[in-house]
Amino acid sequence: MKIDRLQAFSDGVFAILLTLLVLDFKLPNYQVGHLGQAVIAQWPILAAYMLSFFM
């Protein structure tokens, strides 16, 4: 197997995994005017997504 094919395969796997992580995002329950606080409360999910994206 050539290295180019292996790199293309791993890129595809990462793309699928990132898509699955994004699908896990849900709109948090929040009161009008407090959306920012509700999003910040979901920091573990956002941090995992950002970490996996930059890796």
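Is Asp4 buried or exposed? In this predicted model, Asp4 is exposed, because its relative accessible area of 54% lies over the 50% that the exposed class requires. Asp4 is located in helix H1. The C-alpha atom of Asp4 lies 26 Å from that of Met50, a residue 46 positions away along the chain.

The confidence of the prediction was examined for the chain and for its elements. The mean pLDDT of the chain is 79, and a value of 70 or more is reached by 93% of the residues. Among the elements, H1 has the highest mean pLDDT, at 85, whereas the lowest, 78, belongs to helix H2, which comprises residues 35-40.

With regard to secondary structure, the chain contains three helices and zero strands. The order of elements along the sequence is accordingly written α-α-α. The radius of gyration of the chain is 16 Å, well over the 10 Å given by the globule rule for 55 residues, and the chain is therefore more spread out than a compact globule. Along the principal axes, the C-alpha atoms fill a box of roughly 55 × 15 × 15 Å.

Solvent accessibility was then considered for the whole chain. Of the 55 residues, 4% are buried. The accessible surface amounts to about 5,100 Å², and carbon and sulfur atoms account for 71% of that surface.

A nonpolar patch of about 940 Å² is present on the surface. The residues that make this patch are Ile3, Leu6, Phe9, Val13, Phe14, Ile16, Leu17, Leu20 and Leu23. Two of these residues, Phe9 and Leu23, were examined individually. Phe9 is found in helix H1, which spans residues 3-23, and Leu23 is likewise found in helix H1. Phe9 has a relative accessible area of 58% and is therefore classed as exposed, the cut-off being over 50%. Leu23 is also exposed, because its relative accessible area is 62% and the same cut-off applies. The two residues are 14 positions apart in sequence, and their C-alpha atoms are separated by 21 Å.

Taken with Asp4, these residues give three exposed positions in helix H1: Asp4 at 54% relative accessible area, Phe9 at 58% and Leu23 at 62%. Phe9 and Leu23 both contribute to the nonpolar surface patch.

How values were computed. Residues numbered from 1 in each chain as written. Predicted model: local features only at pLDDT ≥ 70, side-chain atom pairs only at ≥ 80, totals over all residues. Heavy atoms only, no water. Helix = DSSP H or I, 4+ residues; strand = E, 2+ residues; numbered from the N terminus. Rg over C-alpha atoms; globule rule 2.2 N^0.38 Å. Buried < 20%, exposed > 50% of the residue type's maximum accessible area, 1.4 Å probe, protein only. Areas by Shrake-Rupley, 256 points an atom, 1.4 Å probe, with all protein chains shown as cover. Patch = residues over 30% accessible without salt bridge, like charges linked within 9 Å, V, L, I, M, F, W, Y side chains within 5 Å. Salt bridge = Lys/Arg side-chain N within 4 Å of Asp/Glu carboxyl O. pLDDT = per-residue confidence, 0-100.
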